[in-house]
Amino acid sequence: MRDAIRIVGIDPGLRRTGWGVIDTDGVRLAYVACGSVSSDADGSLGERLRQLFDGLSQVLSQFAPVEAAIEQTFVNRDAAATLKLGQARGIAMLVPALQGLVIAEYAPNAVKKTVVGAGHGDKDQIRAMVKCLLPRAVPDSADAADALAIAITHAHSRSWTKLVESIALAERAVS
């Protein structure tokens, strides 16, 4: 793929953080890799966050993306779980930020709407649509499939943004 941009999608979680890497030229999508980084459930919170940090750092070093996309956290009824997820999300944002990547954030419903066509698709629908859009992808978990969906959402969003910018530029040139 000529002039492709490499994007990493990250689905943060304390137990398991999914990641997916794709290339896009603005029109086509190409699967590169996906997986998940796990933390030891018996470890302290600090140890678990460090495991996520190290794992994501290794992924970004290996695949060298130039942009990152991360799912926004939704607040649930369990405040302690939401706080832990927020800490894992902080690590998921810190790793690409330390490598100088542009980071985009997407709401879970926006990701589902982009990939499935409805804002309330379930995990099986997301996995099936990711497989349709990226036939070579073989996610090892729902988290990896979600991460690929986040990367796809970013690829589509950046294409739309580029189109809007081009139209605005053309309109200014005509004026």
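User: Before the fold itself, a quick one: is Cys 132 buried or exposed?

Analyst: Exposed, with a relative accessible area of 56%. The labels work like this: buried is under 20% relative accessible area, exposed is over 50%, and partly exposed lies in between (1.4 Å probe, protein chains only). Cys 34, at 14% relative accessibility, counts as buried. Bear in mind that this is a predicted model, where local features need pLDDT of at least 70 and side-chain atom pairs count only at pLDDT 80 or more, while totals for chains, interfaces and linings use all residues. Residues are numbered from 1 along each chain as its sequence is written, and side-chain values use heavy atoms, with hydrogens and water left out.

User: How many disulfides are there?

Analyst: A disulfide is a pair of cysteine sulfur atoms within 2.5 Å. By that rule the count is zero. The cysteine sulfur closest to that of Cys 34 is in Cys 132, 15 Å away, so it is too far for a bond.

User: On to the sheet. In what order do the strands run?

Analyst: Strands pair through backbone hydrogen bonds, either parallel or antiparallel. Here strands are DSSP runs (E, at least two residues), helices are runs of H or I with at least four, and both are numbered from the N terminus; two strands pair if DSSP finds at least two bridges between them. Five strands make an open sheet, ordered 3-2-1-4-5, with mixed pairing. Strand 3 (29-38) and strand 5 (102-106) are at the edges with a single partner strand each, so one side of each has no neighbour in the sheet.

User: Which strand pairs with strand 1 in the parallel sense?

Analyst: Strand 4 (residues 67-71), which joins strand 1 (residues 5-11) over four bridges. Gly 9 has Ala 69 in strand 4 as its bridge partner. For the antiparallel case, take strand 2 (residues 16-24) and strand 3, paired over nine bridges. Trp 19 stands opposite Gly 35 of strand 3. These two strands form a hairpin with four residues between them, and Gly 26 in the turn has a positive phi of about 100 degrees.

User: And the helices: at what angle do helix 1 and helix 2 pack?

Analyst: Axes are lines fitted to C-alpha atoms, for helices over the stretch in contact, and angles run from 0 to 180 degrees between N-to-C directions. Helix 1 (residues 45-63) packs with helix 2 at about 35 degrees, their axes 9 Å apart. Contact means heavy atoms within 4.5 Å. Among the residues making it are Leu 49 and Phe 53 of helix 1, and Ile 91 and Val 95 of helix 2.
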